[in-house]
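This report describes one protein structure, moving from a strand hairpin to the overall fold and then to individual side chains. Please consult the sequence and the model shown below while reading.

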Amino acid sequence: MQAAFKSIGVWLPRDAYQQEAFTQIVDMTELKLGDLIFFGTSKKATHVGLYLGDCYYIHSSGKDQGRNGNGIDQLSEQGDKVRRRQS
């Protein structure tokens, strides 16, 4: 996320938990294109994605998710694979 934002001239801290502390919290019903979405526990964010709209987001998704690079996934009330694995 840091590199993507840097490419358009926006500075972000490096780690997900630092990015979470740097941003303003909004309700999921108020998400807008380009908002950051954080995953992890209530104490510490461990993963971040970029909201694409219509409940989809893009994020770095590694080999343990069956990918080796970026992935597009859908948010849900039950949580997606990333959220279920880390909560």
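## The S2–S3 hairpin and its turn

S2 and S3 form a hairpin in which two residues lie between the strands, and Asp54 in the turn has a positive phi of about 50°. The model is a predicted one, and the values in this report are computed from it. Asp54 is not a glycine, yet its phi is positive. Asp54 belongs to the loop between S2 and S3 and is exposed, its relative accessible area being 67%. That value is over 50%, the cut-off for the exposed class.

Cys55 is also found in the loop between S2 and S3. Its phi is near 70°, again a positive value in a residue other than glycine. Cys55 is partly exposed, with 38% relative accessible area.

The two strands of this hairpin, S2 (residues 45-53) and S3 (residues 56-61), run antiparallel and are joined by four bridges. Gly53 has Tyr56 in S3 as its bridge partner.

## Overall fold

The protein contains three helices and four strands. Along the sequence these elements follow the pattern α-α-β-β-β-β-α.

Of the 87 residues in the protein, 31% are buried. Among contacts between residues at least 6 apart in sequence, 26% join residues at least 24 apart. The accessible surface of the protein is about 6200 Å², and carbon and sulfur atoms account for 51% of that surface.

## Strand S1: buried or exposed?

Strand S1 covers residues 36-40, and five of its five residues are buried, so the strand is largely enclosed by the rest of the structure. Leu36, Phe38 and Gly40 point one way from S1, whereas Ile37 and Phe39 point the other way. Residues on both faces of S1 are therefore buried, each having a relative accessible area under 20%.

S1 runs antiparallel to S2, with five bridges between the two strands. S1 and S2 also form a hairpin, with four residues between them. Across this pairing, Phe38 stands opposite Val48 in S2, and Gly40 stands opposite Ala45 in S2. S2 is thus described by two antiparallel pairings: one with S1 and one with S3.

## Contacts of Gln19 in helix H2

Gln19 lies in helix H2, which spans residues 16-22. Which class of accessibility does Gln19 fall into? Its relative accessible area is 1%, so Gln19 counts as buried.

With residues up to four places away in sequence left out, Gln19 touches Met1, Gln2, Leu12, Pro13, Arg14, Leu36, Phe38 and Val48. Among these contacts, Leu36 and Phe38 point one way from S1. Phe38 and Val48, which both touch Gln19, are the residues that stand opposite each other across S1 and S2.

## Charged and polar side chains

The structure has one salt bridge. It is formed by Asp15 with Arg14, and the closest N and O atoms are 2.5 Å apart. Side chains of opposite charge can pair when their charged atoms come close. Which of the two partners is exposed, and which is partly exposed? Arg14 is exposed, with a relative accessible area of 61%, while Asp15 counts as partly exposed at 22% relative accessibility. Arg14 is also one of the residues that Gln19 touches.

A separate polar contact involves Asp73, which is placed in strand S4 (residues 69-74). The side chains of Asp73 and His59 are joined by this contact at 2.6 Å. Asp73 has 18% relative accessibility and so counts as buried, the cut-off for that class being under 20%.

## A nonpolar surface patch

Which residues make the nonpolar surface patch of about 270 Å²? Leu52, Tyr56 and Ile72 make this patch. Leu52 lies in strand S2 and is partly exposed, with a relative accessible area of 37%. Tyr56 is also the bridge partner of Gly53 in the pairing of S2 with S3.

Technical notes: Residues numbered from 1 in each chain as written. Predicted model: local features only at pLDDT ≥ 70, side-chain atom pairs only at ≥ 80, totals over all residues. Heavy atoms only, no water. Buried < 20%, exposed > 50% of the residue type's maximum accessible area, 1.4 Å probe, protein only. Contact = heavy atoms within 4.5 Å. Areas by Shrake-Rupley, 256 points an atom, 1.4 Å probe, with all protein chains shown as cover. Patch = residues over 30% accessible without salt bridge, like charges linked within 9 Å, V, L, I, M, F, W, Y side chains within 5 Å. Salt bridge = Lys/Arg side-chain N within 4 Å of Asp/Glu carboxyl O. Polar contact = N/O pair within 3.5 Å; in protein donor to acceptor, adjacent residues only side chain to side chain. Pairing = 2+ DSSP bridges.
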